[in-house]
Amino acid sequence: MRNIKTLAWIAAAILLTSSACGGASADSTPTLGVEQIQTLAVFTFQANLTQTALAQPTETPLPTMTPTPPPTFAPPTSGAPLPTNTSSVGAAACYNSAFAGDVTIPDRTPMTPGQSFTKTWRMLNNGSCAWEPGFIFNIVGGEAMGGVAVTLNQRVEPGRQIEISVPMVAPKDKTGELKGIWRLADANGNYFGETPWVIIVVGDVTVTPSAATATPTVTLTPTP
């Protein structure tokens with residue numbers, strides 16, 4: 001900007017000098033012609049434009065906002081999970097169980113709607129490891145008929161039998177043959193062994209048992 005002002009003053013001086021050299025006396029005041037005044041005005045106008053342009057603030061680009069994805073939350077967990085694994089995956093290989101007989105409520109026992117009863121199974125530990133207190137006997141399929149899981153409160157050594165009883169109620173809103181399947185599991189909910197069941201007949205239904213559905217039996221050889 002200083003250079004432009006200097007050029008303007010130089011141009012004005014040149015114009016004044018050229019006027020002086022035109023034959024005016026040294027002590028006379030120089031007089032500028034119309035063209036010279038226009039030229040000086042152009043230089044002054046250009047200098048003002050340059051100064052105004054330099055004085056304008058430089059635009060600073062606005063920052064761009066990058067959207068932040070919302071955080072993801074894992075679903076909350078509370079309490080111990082219910083045992084839902086009906087396979088033997090996860091259970092120790094030495095755990096096993098076998099159905100040894102029905103103590104009460106043989107298969108296809110007639111029931112009236114809403115009738116209470118207690119189903120008792122005899123189970124054999126035919127594995128090589130003892131069943132520990134905290135093991136459970138739970139419904140894994142079919143109709144629960146009001147039955148809930150039973151927790152073992154004693155140690156059952158290999159070759160020993162126990163009787164497991166579950167109170168139940170015949171449904172009031174269903175008739176016909178109803179079946180519930182149960183199974184043993186370790187304290188972590190890993191199921192193992194055979195799946196004994198309870199079968200009742202609710203209402204006036206005639207059922208003829210067949211040899212194919214006879215109750216299985218097991219010959220026991222307890223360890224000494």
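Reader: In this predicted model, is Arg-122 buried, partly exposed or exposed?

Author: The model is predicted, and the accessibility of Arg-122 is computed from it at 27%. Buried would require a value under 20%, and exposed a value over 50%. Because 27% falls in between, Arg-122 counts as partly exposed.

Reader: Which residue meets the side chain of Arg-122 in a salt bridge, and how many residues apart in sequence are the parts that the pair ties together?

Author: The side chain of Arg-122 meets that of Glu-163, with 3.3 Å from N to O. Arg-122 belongs to strand β3, whereas Glu-163 belongs to strand β6 (residues 161-169), so the pair ties together parts of the chain. Glu-163 has a relative accessibility of 48% and counts as partly exposed. The partner is Glu-163, and the parts are 41 residues apart in sequence.

Reader: In what order do the strands of the open sheet that includes β3 stand, and which strands are at its edges?

Author: The open sheet consists of three strands with antiparallel pairing, in the order β1-β3-β6. β1 and β6 each have a single partner strand, so one side of each is left without a neighbour in the sheet. The twist from one strand to the next averages 35°. The strands at the edges are therefore β1 and β6.

Reader: Over how many bridges do β1 and β3 pair, and which residue of β3 stands opposite Ala-98?

Author: β1 and β3 pair in the antiparallel sense, over four bridges. Within this arrangement, the residue in β3 opposite Ala-98 is Leu-124.

Reader: Which residue forms a salt bridge with Glu-177, and is that partner buried or exposed?

Author: Glu-177 forms a salt bridge with Arg-108, and their closest N and O atoms are 3.1 Å apart. Glu-177 lies in strand β7 and Arg-108 in the loop between β1 (98-102) and β2 (109-111), so the pair ties together parts that are 69 residues apart in sequence. Glu-177 is partly exposed at 41% relative accessible area. Arg-108, with 17%, is buried.

Reader: How many salt bridges are there, and which residues do shared partners join into one network?

Author: Side chains of opposite charge can pair when their charged atoms come close. The count comes to six salt bridges, including that of Arg-155 with Glu-157, whose closest N and O atoms are 2.5 Å apart. Arg-155 counts as partly exposed at 45% relative accessibility, and Glu-157 is partly exposed at 34%. Salt bridges that share partners give one network of Glu-132, Arg-155 and Glu-157.

Reader: Why is strand β7 described as largely enclosed by the rest of the structure?

Author: Strand β7 covers residues 176-185, which makes 10 residues. A residue is buried if its relative accessible area is under 20%. The strand is largely enclosed because the number of its residues that are buried is seven.

Reader: Which strands pair with β7, and over how many bridges?

Author: Six bridges join β7 to β4, and the two run antiparallel; here Arg-183 in β7 has Asn-138 opposite. With strand β9 (residues 197-202), β7 pairs in the antiparallel sense over six bridges, and Ile-181 stands opposite Trp-197. With β8 the sense is again antiparallel, and Ala-185 faces Tyr-191. The partners thus include β4 with six bridges, β9 with six and β8 with two.

Reader: In the hairpin of β7 and β8, which residue takes a positive phi?

Author: The hairpin has five residues between its strands. A positive phi near 85° is taken by Gly-189.

Reader: What sits over the ring of Trp-197, and how far from its centre?

Author: Trp-197 in β9 stands opposite Ile-181. Over the ring of Trp-197 sits the charged end of Lys-179, and the distance from the ring centre is 4.4 Å.

Reader: Why is the aromatic pair of Trp-131 and Phe-192 classed as tilted, and which cluster includes both residues?

Author: A search of the whole structure finds seven aromatic pairs. In the pair of Trp-131 and Phe-192, the ring centres are 6.3 Å apart and the planes stand at 55°, so the pair is tilted. Trp-131 is buried at 0% relative accessible area, and Phe-192 counts as buried at 1%. The cluster consists of Tyr-95, Trp-131, Phe-135 and Phe-192.

Key
Residues are numbered from 1 along each chain as its sequence is written. This is a predicted model: local features need pLDDT of at least 70, side-chain atom pairs count only at pLDDT 80 or more; totals for chains, interfaces and linings use all residues. Side-chain values use heavy atoms; hydrogens and water are left out. Rings of Phe, Tyr and Trp (its six-membered ring) pair if their centres lie within 6.5 Å; planes under 30 degrees apart count as stacked, over 60 as edge-to-face and the rest as tilted. Buried means under 20% relative accessible area, exposed over 50%, partly exposed in between (1.4 Å probe, protein chains only). A charge sits over a ring if NZ of Lys or CZ of Arg is within 6 Å of the ring centre and within 35 degrees of the ring normal. Two strands pair if DSSP finds at least two bridges between them. A salt bridge is a side-chain nitrogen of Lys or Arg within 4 Å of a carboxyl oxygen of Asp or Glu. Axes are lines fitted to C-alpha atoms, for helices over the stretch in contact, and angles run from 0 to 180 degrees between N-to-C directions.
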